[in-house]
Amino acid sequence: MQISFKTEELRDYHLIPAKALIRYGPTAAKRLAMRFADLRALQNASELVAFGAEECAFDGLHALKVPVAEYCSLVIVANHPKKKELAINWASVTRVKVVTIGRHDEQG
């Protein structure tokens, strides 16, 4: 899949592993790097179910919450959804956007 990021800071956690290490600690930073590699290798977003992804909402959009570590997850949305109000067919989604990465205690 193709991955984009909502913010430059989120992109930096992917491109500069040291930033993820400082922000999330060694376990989550390592698993975050692995999860980004998984995202790139997958054919479509429905395959994230194998990693424990669950549907959720983010800013009114259909999203998937993907576990990274015991206390951390990332949230992705379809990068260019055709109709935002309709349910997403995740099997047809090949471009995703990472909209947040956070510790569970920060994600309300």
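Two strands are said to pair if DSSP finds at least two bridges between them, and strands themselves, like helices, are DSSP runs numbered from the N terminus, with at least two residues (E) for a strand and at least four (H or I) for a helix. The model shown in these views is predicted, so local features need pLDDT of at least 70 and side-chain atom pairs count only at pLDDT 80 or more, while totals for chains, interfaces and linings use all residues. Residues are numbered from 1 along each chain as its sequence is written, and side-chain values use heavy atoms, with hydrogens and water left out.

**View 1. The sheet has 5 strands and is open.** Its strands follow the order 1-5-4-3-2, and their pairing is mixed. Strand 1 and strand 2 (54-58) stand at the edges with a single partner strand each, so one side of each has no neighbour in the sheet. On average, and with direction ignored, neighbouring strands of this sheet are turned by 40° against each other, where axes are lines fitted to C-alpha atoms, for helices over the stretch in contact, and angles run from 0 to 180 degrees between N-to-C directions.

**View 2. Strand 4 and strand 5 pair in the antiparallel sense.** Strands of a sheet pair through backbone hydrogen bonds, either parallel or antiparallel. Here the pairing of strand 4 with strand 5 extends over 7 bridges, and L74 stands opposite I101 in strand 5. Helix 1 packs on the sheet, where it touches strand 1 and strand 5, and its direction makes about 90° with that of strand 5. Helix 3 also packs on the sheet, touching strand 1, strand 3, strand 4 and strand 5, and its direction makes about 130° with that of strand 3.

**View 3. Helix 3 (residues 26-41) has a buried side.** This helix of 16 residues reaches 23 Å from its first C-alpha to its last, close to the 22 Å expected at 1.5 Å a residue, the expected span being 1.5 Å times one less than the number of residues. The residues A28, A29, L32, R35, F36 and L39 are buried, a term that means under 20% relative accessible area, whereas exposed means over 50% and partly exposed lies in between (1.4 Å probe, protein chains only). These buried residues cover an arc of only 120° around the axis, which puts them on the same side of helix 3; the arc is that of the directions from the helix axis to the C-beta atoms. On the other side, P26, K30 and A41 are exposed. Elements that cover the buried residues include helix 2 (17-24) and strand 3 (61-69).

**View 4. R31 of helix 3 is in contact with V68, A69 and E70.** These contacts, meaning heavy atoms within 4.5 Å, leave aside the neighbours of R31 within four places in sequence. R31 and V68 are 37 residues apart in sequence but 5.8 Å apart in space, C-alpha to C-alpha. At 38% relative accessibility, R31 counts as partly exposed.

**View 5. A search of the whole structure finds 2 aromatic pairs.** Rings of Phe, Tyr and Trp (its six-membered ring) pair if their centres lie within 6.5 Å, and planes under 30 degrees apart count as stacked, over 60 as edge-to-face and the rest as tilted. The rings of F5 and F36 have centres 5.6 Å apart and planes at 75°, so this pair is edge-to-face. F5 lies in strand 1 and F36 in helix 3, 31 residues apart, and both are buried. The rings of Y13 and Y24, with centres 5.3 Å apart and planes at 70°, likewise form an edge-to-face pair.
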